[in-house]
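Colleague: I should like to go through this structure with you step by step. Please explain how each answer is reached.

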Amino acid sequence: MSQDKPRKKPEELRSHRWYGVKDLRSFGHRSRTAQMGYHRSDYAGKPVIAIINTWSDINPCHSHFRQRVEEVKRGIWQAGGFPVEMPAMSLSEPFQKPTTMLYRNLLAMETEELLRSYPADGCVLMGGCDKTTPALIMGAVSMDLPTIFVPAGPMLRGNWNGNTLGSGSDTWKYWAELRAGNITEEDWQGVEDGIARSPGHCMTMGTASTMTSAVEALGLCLSGYASIPAPDSRHAQMASLSGKRIVEMVWEDLKPSDLLTEASYDNAVRTVLALSGSTNAVVHLIAMARRSGFGLDLDRFDALARSTPVLANLRPSGKYLMEDFYYAGGLRAMLAQMQDLLDLSQRTVDGCTLGGNIAGARIFNEDVIRPRGQAIIERDGLAVLRGNLAPDGAVIKPPAMEARLQVHTGRAVVFKDYNDMAERIDDPALDVDADSVIVLQNAGPQGAPGMPEWGQLPIPQKLLKQGVRDMVRISDARMSGTSYGACVLHVSPESYVGGPLAFVKDGDLISLDVPGRKIELRVSDEELAARKAAWQPPQPRFERGYGVLYLKHIGQADTGCDFDFLQTGQRAGAAGEPEIH
């Protein structure tokens, strides 16, 4: 039971205001529930559990959620609750343009408002595909009802001609080989047909598995759940167990505010670092933490990175895939190897502490999950860079780049936007060599808009044919967690709002120093000031609809790209709710 809280009584349930009051409005609620075929005994005096389901026909990562939601409902019924499925916006990473990141905050708002406006006593969040996880958590944390997260789970390994394929990572790899002329169109078709062969999100350590793992480390989903492959029957069992557990959490009044602390967010950050997880986790965890009222920032990520080893040998930084990770012991086994770096006293939705959840967890394949004494690298799974090119910070993933580029100076080759890059990157006349630094402008939160995953900038075709497979690349964009390379990302402030990246010109020297945490444009302060004075702000990207709201209120990458009117740290539930009539 939640610490220092008496067990709730039926008349203390939030849903009692809809169903339990003897007035005209409650008559309407009960009669309309009867209209749907439910008898009063199905819900009277029972917790109403909202299931926020991000299933849709255009989200392959969640295609199994039609079945999983029934298993969640089964668990809720069995535990004496009343399940109410509420579909929410499905952010489908493979399809939505210009980027799902443009709509993360919209889903967060929708989640918060669904929970606020309907008779929910607690909620089950069903997500997994990249932005759905942080969006659902942000909305639920803001509302602060008892909450449990059901992760979609990774898909099975891909396969092509006997080669194990990882989603995203091998897409970029074989696309480069196709452009270099090393594989045929028939080969490329084989990769296309074999890379994604089951329900579930990316099975590399991309943003999806990074964020579901972070949520497990935060204590918001059942222990061990984030690692289970989507088609595995144990995934279905955990869905039902989540339904049972959320009912008990409502009676205990166990809410996110009872679980989430600065220490639990540190646990999540260390988890991401030990996994060599997606750089996108920086933006998402900062946004989530600030919804919880904690000032997580880039400096904290960098400080924790300096003492956190990389233990997971997973693509794109390593060798294996999430299915292998699960069989090797999963997240619990990895966390057990780094207990001294974690606050094991943090509480979780299981009703246990993090330490209790991982007690006795073992590794079954020490090449997939490395023991502490055999870390892949001892530190710096991520690095935060600063300098005159990124006054408010930028990020890079050292394990995913060629080590020779960690200290590098080269001439800038600048593209003013994505279309400019797409048009000229493979031009044989492009003045670029292997030592050049490719720069993409206007790809940030406002400039793209939405800060798409364009940050793994393509290597020019003529260099691919020369055998070049990595170069220093800089942008104010993000990159997929399945991507790799010497890519400096999230440059803040972005070029579109007049950040220094906007003033870089072809031929400027740029210096990268990952160990020294620096990114510098080698021009004088006077020259930068002159370029800024001559700079003309671009026209707004939107003239109507959600886009106008987005541009007016979106924050920069270093603050989590949340809306300024939501990132207040004051929860909707704590602020009070409108009177229900």
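Colleague: In which loop is Asn442 found?

Modeller: The model is a predicted one, and the elements on either side of Asn442 give its place. Strand E10 covers residues 437-440, and helix H19 covers residues 461-464. Asn442 is found in the loop between strand E10 and helix H19.

Colleague: Is Asn442 buried or exposed?

Modeller: The backbone of Asn442 has a positive phi of about 55°, although this residue is not a glycine. A residue counts as buried under 20% relative accessible area. Asn442 has a relative accessible area of 19%, so Asn442 is buried.

Colleague: What about Asn161: is that residue buried or exposed?

Modeller: Asn161 lies in the loop between strand E5 (158-160) and strand E6 (163-165). Asn161 also has a positive phi, of about 50°, without being a glycine. Residues over 50% relative accessible area count as exposed. The value for Asn161 is 63%, so Asn161 is exposed.

Colleague: In what order do the 4 strands of the open sheet lie?

Modeller: The pairing in this sheet is parallel. Each edge strand pairs on one side only, and the edge strands are E2 (82-87) and E4 (147-151). From one strand to the next, the twist averages 20°. The order is E2-E1-E3-E4.

Colleague: Which residue of E2 is the bridge partner of Asn53?

Modeller: Strand E1, residues 48-53, runs parallel to E2 and is joined to it by 6 bridges. For Asn53, the bridge partner in E2 is Pro87.

Colleague: Which strands does helix H5 touch?

Modeller: Helix H5, residues 101-117, packs on the sheet, and its direction makes about 160° with that of E1. Among the buried residues of H5 are Leu107, Thr111 and Leu115. The cover over the buried residues of H5 includes helix H6 (132-143), H13 and helix H21 (546-553), as well as strands. The strands that H5 touches are E1, E2 and E3.

Colleague: Where is Pro98, which follows a cis peptide bond?

Modeller: The peptide bond from Lys97 to Pro98 is cis, with omega near 0°. Pro98 has its place in the loop between E2 and H5.

Colleague: How many of the 13 residues of H12 are buried?

Modeller: Helix H12, residues 262-274, reaches 18 Å from its first C-alpha to its last, close to the 18 Å expected. The cover over its buried residues includes helix H9 (207-218), helix H13 (280-291) and helix H16 (330-336). H12 is largely enclosed by the rest of the structure, because the number of its buried residues is 11.

Colleague: Which backbone nitrogen does a side-chain oxygen of Thr261 reach at the start of H12?

Modeller: After H12 comes Ser276, whose phi is positive, near 50°. At the start of H12, the side-chain oxygen of Thr261 comes to within 3.2 Å of a backbone nitrogen, and that nitrogen belongs to Ala263.

Colleague: Which helix gives the most to the largest nonpolar core?

Modeller: In soluble globular proteins, nonpolar side chains tend to be buried together. The largest nonpolar core here has 90 residues, and Ile52, Leu115, Val124, Leu285 and Met288 touch the most other members. Beyond four places in sequence, Leu285 is in contact with residues including Tyr265, Ala268, Val269 and Val272. With 8 residues, the helix that gives the most to this core is H13.

Colleague: With which side chain does the side chain of Asn357 make a polar contact?

Modeller: Asn357 has its place in helix H17 and counts as buried at 11% relative accessibility. Leaving out residues up to four places away in sequence, Asn357 touches Ser223, Arg332, Thr348, Asp350 and Cys352. The polar contact, at 3.3 Å, is with the side chain of Asp350.

Colleague: Which residues make up the covered face of strand E14?

Modeller: E13 (509-513) pairs with E14 (518-521) in the antiparallel sense over 4 bridges. The two strands form a hairpin with 4 residues between them, and Arg517 in the turn has a positive phi of about 60°. Lys518, which stands opposite Asp513, belongs with Glu520 to the uncovered face of E14. The covered face consists of Ile519 and Leu521.

Notes. Residues are numbered from 1 along each chain as its sequence is written. This is a predicted model: local features need pLDDT of at least 70, side-chain atom pairs count only at pLDDT 80 or more; totals for chains, interfaces and linings use all residues. Side-chain values use heavy atoms; hydrogens and water are left out. Two strands pair if DSSP finds at least two bridges between them. Axes are lines fitted to C-alpha atoms, for helices over the stretch in contact, and angles run from 0 to 180 degrees between N-to-C directions. Contact means heavy atoms within 4.5 Å. The expected span of a helix is 1.5 Å times one less than its number of residues. Buried means under 20% relative accessible area, exposed over 50%, partly exposed in between (1.4 Å probe, protein chains only). A polar contact is a pair of N or O atoms within 3.5 Å; within protein, one must be able to donate a hydrogen and the other to accept it, and residues adjacent in sequence count only if both atoms are side-chain atoms. A nonpolar core is a set of buried Ala, Val, Leu, Ile, Met, Phe, Trp, Tyr and Cys residues joined through side-chain atoms within 4.5 Å.
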